Amino acid sequence: MIKPKYKLFFLTFLLIASYLRPLQSAEMIDPIKVDWSFKGLTGTFDRAALQRGFQVYKEVCASCHSMQYLSYRNLGQPGGPEFSEQEVKAIAASFEIEDGPDAQGEMFTRPGRPADKFKNPYPNVQAATAANGGAYPPDMSVLVKARKGGANYIYSVLVGYEDPPPGVNLDDGVYYNKYMVGNKIKMPNNLSDGLVEYSDGTESTVDQMAKDVTTFLAWAAEPELEERHKTGVKVIIYLILLTILVYLSMKKIWSRIDTEV
Amino acid sequence: MSKEEKKVNRRDFLFTASYTVGAVGVGAVIWPMIDQMNPDKAQQALATTEVDISQIEPGKSITVLWRGKPVFLKRRTPEEIAEARSVNLDDLPDPQKDEERVKEGKDEWLVMLGVCTHLGCVPLKDKGDYNGWFCPCHGSHYDVSGRIRKGPAPTNMEIPKFEFVDTNTIKIG
Amino acid sequence: MSDQEYTPKSKAGKWFNDRLPLLTLGAHLTDYPTPKNLNYWWTFGGILTFCLITQIVTGIVLAMHYVAHADLAFASVEHIMRDVNYGWLIRYIHSNGASMFFLAVYIHIFRSLFYGSYKSPREVIWIIGLMIYLLMMAAAFMGYVLPWGQMSFWGATVITNLFSAIPLVGDSITTWLWGAYSVDNPTLNRFFSLHYLIPFLILGLVVLHIWALHVPGNNNPVGIDIEKPSKDTVPFHPYITIKDAFALLVFMIIFAGFVFFTPNVLGHSDNYIPANPLVTPAHIVPEWYLLPFYAILRSVPDKLGGVILMFSAIFILFVLPWLDTSKVRSAVFRPIYRQFFWILVIDVLMLGYVGAMPAEGIYLVLARVGTIYYFLHFIVVMPVVGYLEKTEPIPMSISEPVLSGGADPSIARKVNDKA
């Protein structure tokens, strides 16, 4: 009975493995593989990259893309960019947040507080769509989880702008991107060397900025990643230990029975 | 120790170890299931409220919401302060000086949780036998310092953590 | 052992047990004589119980934070993931738990197919099991709708539209299911209600499933009837419980691997895009555990035909005990059927694979071949092979694997009676 056992195990894993292979659509090429620090079983985020990435988001992306599920306080929480409490307060206060209604029933603006959600550049999806030539700039809170290829794909699109190959005609406000699904993208190439002045002195090349902001987005989509990895390692070690104990107990108990099971 | 006994001991150790380690794991799994009912991170972050007090006339009070509970902010007149301070502490069920319930130098401002310490109702202002608050649910009387004077409530109304950000703004929490 | 013989030792225990015989039940479950040769494929019953309890507990917890409203559902899931204490852990256990549940149930079903556990006298156990499986699919489908992402919305649209294939009343039924003129807030609300209900129905059926199992007792790898209790059996506790615990722990290691290190790999990235009734994603695929049926549905170029065939693929299993004509239960002693069994396994895996692929070209051909074999296996192979096959000699008892030379499992019993 040994053989079918292995057969079924093998097939089960084959089944899972086959589903894990992403569906390839004809018009999509594999994104660039980046050796992210948050990959792997014990992966963590690079704090400096997260802080730089937030700067790129704030100065470049935030004028069109919302991140409505994040709050300023998240920037200070463990496992994230880990800005200090004072820095988080200052960042939040640099945004004018609408609040209200006040005692007179009027809406008013006030400086942001850490508990506030990230300020949305547009009042609603329709306004965002209208202001961007009919293409809604997607909310970036979970963007990395919402795209096949995840962080690699986001990074690839950011650096994937090139001139259209001969024979491809693009309408006004449409750009050619090697990695974008369908190759046509309505977001212009917003990154150029030296665009952002990093406070930590890192040279702001397009590649550097793309990597930093992608790291930031990866954290935004999975703020629990570091805690998850840490807990996961502990849980697996614990389970293996208990499994060994229970296995030995099982052998002991079954040794009372004269059987070849 | 005979061979047989040794065998038994090793078995006992294995079983005890399995049970113990297993029980630790069960405990570790139960905790998240309990902790998830505690206030979440968004709730915890809403712990402060800033209030503009420039519009409050002496003798008047406003009520603001803080952590889902009403907070009374009363600007007391000199007469009310004098009245609150003339009370004999021995007459109080929960003895506390009025000075301990306000910020020094800001004696006119009484900031307290508008929650009756009996069973959590919101007392009515300018009611009751002591010129302060009266809880309609079970008849607790509070004085102008928010101290319990008569009725079933066991303690004075609670003073939350607060500070004056500037002369016109109070930050609660 | 006999249930009537049990008397609690303490006076209080006896007092209580005379009024509600819970202690008798406990003693019955503890001492329950179980075949001693059960292999690890038999541990999945316990694993499935664990899965059900895990899903119910984490589900109740999630329902404390989730908001079943089209405008708020997606945001409330993000709230769970970001703000609720251990919310990410609980949600990932629940979402991956569904996949692990199905992984275990498929192994459980194929174990039953291999060892003939569905055959007389265990037909009722088998049918209750299939009802559980159907309810599991309903619960999983509705649960997948709740995050209100793109796959939730469009999956719900596609599956509910299956009912529109019914002649005459189809459209009315679909509208009735929706409570609107498309999948909308009322649909989400009722799906949440039903998603909360179904696990408790499953729990009730599980009790019946185990009750029905305890009448004839467990089948075993050899597939012969055995005397209970005898030297062929062991008490359920500690022999089977410890073995179940060991297998469960190995299963939990795999489960934890998914939850902590690849929590979204079994899901679909499009479901992190909020539901949008104006845009359909490029590829709509159900969760992996429903893919074989999805392939059967798409293999038929006719709407009603596809739906009928898909439901037939499940309902044919209900009459399986009567389609199988073999007197021998276990495929261990059935050299021909054994081959067909593995062909069926590969066939179902292949159907699952093509179910995830676009319905065109070679995938469509494979889906059709796979569908045809699936039905042939049950309608033709099982009855015919049962008649024609020359089975290998089966042992008379588990303890004494003496070859009887015959193919009748009742012989083993007779010999045992004498012993």
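1. Let me start with the contact between chains C and B, where 13 residues of chain C touch 12 residues of chain B. Please keep in mind throughout that this is a predicted model. The area buried between chain C and chain B comes to about 1,000 Å², and carbon and sulfur atoms give 60% of that. Three residues are worth picking out on screen: D83(C), N85(C) and Y86(C) supply 47% of the area that chain C buries against chain B, more than any other three residues.

2. On the polar side of this contact, the count of salt bridges between chain C and chain B is 0. Polar contacts do occur, with 6 residue pairs found across the interface of chain C and chain B, both residues at pLDDT 80 or more. Helix 3 (44-63), helix 4 (73-82) and helix 5 (87-115) of chain C each bring at least two residues to the side that touches chain B. Helix 3 of chain C has the largest share, with 3 residues. Sorted by class, this side of chain C holds 7 nonpolar, 4 polar and 2 charged residues.

3. Now to the interface of chain C with chain A, where 56 residues of chain C are in contact with 53 residues of chain A. About 5,100 Å² is buried between these two chains, 75% of it on carbon and sulfur atoms. Within chain C, the residues that lose the most area to chain A are R82(C), F261(C) and W342(C), which together make up 15% of what that side buries.

4. Which residues form a salt bridge, with the closest N and O atoms 3.2 Å apart? The pair is R73(A) and D83(C), and the count across the interface of chain C and chain A is 1 salt bridge. D83(C) deserves a second look, since this residue is also one of the three named above for the area that chain C buries against chain B. Between chain C and chain A there are also 8 residue pairs in polar contact, both residues at pLDDT 80 or more.

5. As for the elements of chain C that face chain A, helix 4, helix 5, helix 10 (236-261) and helix 14 (335-355) each supply at least two residues. The largest share, 17 residues, comes from helix 10 of chain C. By class, the side of chain C that touches chain A has 43 nonpolar, 7 polar and 6 charged residues.

6. Chain B also has sheets to check. One is an open sheet of 3 strands in the order 1-10-9, paired antiparallel. Strand 1 (49-52) and strand 9 (162-166) of chain B each have a single partner strand, so one side of each is left without a neighbour in the sheet. Neighbouring strands here are turned by 30° against each other on average, direction ignored. Strand 9 and strand 10 (residues 169-172) of chain B pair over 4 bridges, and F164(B) stands opposite I170(B) in strand 10.

7. Another open sheet of chain B has 3 strands in the order 2-3-4, again with antiparallel pairing. At its edges are strand 2 (61-66) and strand 4 (109-113) of chain B, each pairing on one side only. The twist from one strand to the next averages 20°. Strand 3 (residues 69-75) of chain B is joined to strand 4 by 5 bridges, and R75(B) has W109(B) in strand 4 as its bridge partner.

Definitions and conventions: Residues are numbered from 1 along each chain as its sequence is written. Chains are lettered from A and ligands numbered from 1 in the order in which they are written. This is a predicted model: local features need pLDDT of at least 70, side-chain atom pairs count only at pLDDT 80 or more; totals for chains, interfaces and linings use all residues. Side-chain values use heavy atoms; hydrogens and water are left out. Two strands pair if DSSP finds at least two bridges between them. Axes are lines fitted to C-alpha atoms, for helices over the stretch in contact, and angles run from 0 to 180 degrees between N-to-C directions. Contact means heavy atoms within 4.5 Å. Buried area is the accessible area (1.4 Å probe) that two parts lose on being put together, summed over both. A salt bridge is a side-chain nitrogen of Lys or Arg within 4 Å of a carboxyl oxygen of Asp or Glu. A polar contact is a pair of N or O atoms within 3.5 Å; within protein, one must be able to donate a hydrogen and the other to accept it, and residues adjacent in sequence count only if both atoms are side-chain atoms. Ala, Val, Leu, Ile, Met, Phe, Trp, Tyr, Cys and Pro count as nonpolar, Asp, Glu, Lys and Arg as charged, and the others, Gly among them, as polar.
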